[in-house]
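Here is a friendly walk through one protein model, written for someone who thinks at the bench. Have the structure open as you read, and follow along with each part.

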Amino acid sequence: MLTLPTQTAPNSSTSMAPTFLLVGMPGLSGAPSWWTMPLIAVYLLSALGNGTILWIIALEPALHRPMHFFLFLLSVSDIGLVTALTPTLLGLALAGVHTVPASACLLQMFFVHVFSVMESSVLLAMSIDRALAICRPLHYSALLTNDVISKISLVIAFRCLGLHLPLPFLLACMHYCRPQVLTHSYCLHPDVARLACPGAWGAAYSLFVVLSVMGLDPLLIFFSYGLIGKVLQGVESREDRWKAGQTCAAHLSAVLLFYIPMILLALISHLELPITQHTHTLLSYVHFLLPPLINPILYSVKMKEIRERILNRLQPRKVGCAQ
């Protein structure tokens with residue numbers, strides 16, 4: 001049975017303990033083997049799907065275009081995110097390990113948020129790419145040059161590393177007035193920061209990081225789609241509208257898949273809605289684990305260039321085996 005650490009007096013403070021305590025999936029702590037295989041399957045399928053996208057874009061010169069370069073970065077962020085989450089998830093599922101050293105917890109927290117911000121930033125860049133392609137088709141090549149793409153990549157790298165690099169050090173130096181029990185199966189900085197003593201200024205920085213990325217990016221993405229929708233309304237041909245809409249279908253699906261669970265979790269947390277821990281934990285898993293699993297399928301199905309080149313690369317191997 002999971003035992004909680006001794007409560008600390010409300011008016012006292014302690015430095016960070018050597019370990020944090022993770023909480024697994026409610027109702028499955030007694031039978032961890034039940035959710036081991038799904039977790040392993042999700043990781044392997046995510047790695048295979050995103051690895052295939054990386055492989056095909058790297059090998060095909062025809063796919064060395066801005067849209068596919070951003071898709072390449074999206075697959076990198078998906079693989080990084082699911083890899084950062086897997087150690088503690090499998091530790092809980094395979095061996096029921098609830099304790100995690102503070103250093104490992106902060107390291108996991110850093111990489112989870114770096115790759116989450118990378119995914120959000122790439123989704124924003126992809127929405128700008130689609131908006132330029134549809135709203136300014138004649139100027140698209142002149143606007144998204146290799147130099148511009150390089151600058152966008154540097155901005156994404158700065159957002160991922162620059163904003164989150166101070167967080168582990170801030171949280172390691174803060175004082176904690178509550179038992180260091182987390183509410184998830186992995187380490188997240190809002191979860192760690194809430195355990196700090198009231199008035200700890202590191203929590204304010206954490207909030208700033210969340211709002212400056214996860215609050216701003218969805219607004220800019222939907223603004224881009226507002227511009228796209230306005231342009232498509234002026235297109236007389238239904239066939240042209242359909243083709244333009246299809247170019248955005250995979251990206252819009254990825255955006256909804258990534259942001260809807262996150263928005264629901266934020267509303268549940270801030271409005272203190274009466275949601276069971278099962279539902280809260282499930283939404284958290286959906287937010288972090290489902291996009292890396294589904295995104296490669298979405299782009300392989302919706303993007304003809306990706307689908308055809310994957311089939312063309314696999315076809316010679318099948319012929320060779322048949323002989």
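Which helix gives the most to the lining of the second largest pocket? That helix is H9, with 5 residues. Before going further into the pocket, please keep in mind that this is a predicted model.

## The overall layout

The protein has 323 residues, and 45% of them count as buried. Its secondary structure comes to 11 helices and 2 strands. Reading along the sequence gives the pattern β-α-α-β-α-α-α-α-α-α-α-α-α.

An unreviewed UniProt entry carries the annotation "transmembrane region" for residues 34-57, 69-94, 106-128, 148-171, 203-228, 249-270 and 282-301. Two of these spans can be set side by side with what the model shows.

| Span | Helix content | Strand content | Distance between end C-alpha atoms |
|---|---|---|---|
| Residues 106-128 | 100% helix | 0% strand | 33 Å |
| Residues 148-171 | 96% helix | 0% strand | 36 Å |

## The second largest pocket

Back to the pocket. Its volume is about 250 Å³, and 16 residues line it. Nearest its centre lie Gln246, Thr247, Lys302, Met303 and Glu305.

Several helices take part in this lining. H3 (102-135), H9 (238-271), H10 (277-302) and H11 (304-322) each supply at least two residues. What is the lining of the second largest pocket made of, by class? There are 7 nonpolar, 3 polar and 6 charged residues.

## The cavity

The model also holds 1 cavity of 30 Å³ or more, with about 60 Å³ of space inside. Helix H1 (36-59) and helix H2 (66-95) each supply at least two residues of its lining, and H2 gives the most, with 5 residues.

The cavity is lined by Leu39, Ile40, Val42, Tyr43, Val82, Leu85, Thr86, Leu89, Leu90 and Leu289. By class, that makes 9 nonpolar residues, 1 polar residue and no charged ones.

Leucine 89 is a good residue to click on here. This leucine is found in helix H2. Is leucine 89 buried or exposed? Its relative accessible area is 3%, under the 20% cut-off, so leucine 89 counts as buried. Isoleucine 40, also in the cavity lining, is 49 residues from leucine 89 in sequence, and the two C-alpha atoms are 9.7 Å apart in space.

Isoleucine 294 makes a useful second stop. This residue sits in helix H10, and with a relative accessible area of 27% it is partly exposed. Isoleucine 294 and serine 46 are 248 residues apart in sequence, yet the distance between their C-alpha atoms is 7.9 Å.

## The cysteines

Now for the sulfur chemistry. The count comes to 1 disulfide, formed by cysteine 105 and cysteine 187, whose sulfur atoms are 2.0 Å apart. The angle about the S-S bond is -120°, and the link is left-handed. What does this disulfide tie together? Cysteine 105 lies in helix H3, while cysteine 187 is in the loop between helix H6 (166-173) and helix H7 (189-193), so the bond joins parts that are 82 residues apart in sequence. Both cysteine 105 and cysteine 187 are buried.

Two further cysteines are worth a look if you have labelling in mind. Cysteine 160 has a relative accessible area of 4% and is buried. Cysteine 173, at 64% relative accessibility, is above the 50% cut-off and therefore counts as exposed.

## Helix H6 and its two sides

Cysteine 173 leads us to helix H6, where Phe169 and Cys173 are exposed on one side. Which residues of H6 are buried? They are Leu167, Pro168, Leu170 and Leu171. Looking down the axis of H6, the buried residues fall within an arc of 165°, so they line one face of the helix. A general point about helices helps here: an α-helix has 3.6 residues a turn, so residues three or four places apart point the same way.

Definitions and conventions
Residues are numbered from 1 along each chain as its sequence is written. This is a predicted model: local features need pLDDT of at least 70, side-chain atom pairs count only at pLDDT 80 or more; totals for chains, interfaces and linings use all residues. Side-chain values use heavy atoms; hydrogens and water are left out. On a 1 Å grid over the protein atoms alone, a cavity is a set of points where a 1.4 Å probe fits but cannot get out, and a pocket is an open set with protein on both sides within 12 Å along at least five of seven lines; lining residues have an atom within 4 Å of a point. Grid points are joined across faces, edges and corners, and a volume is the space filled by probe spheres set on the points. Helices (H or I, at least four residues) and strands (E, at least two) are DSSP runs, numbered from the N terminus. Ala, Val, Leu, Ile, Met, Phe, Trp, Tyr, Cys and Pro count as nonpolar, Asp, Glu, Lys and Arg as charged, and the others, Gly among them, as polar. A disulfide is a pair of cysteine sulfur atoms within 2.5 Å. Buried means under 20% relative accessible area, exposed over 50%, partly exposed in between (1.4 Å probe, protein chains only). UniProt positions are given in the numbering used here, feature names are shortened, and annotations may be inferred rather than shown by experiment. The arc is that of the directions from the helix axis to the C-beta atoms.
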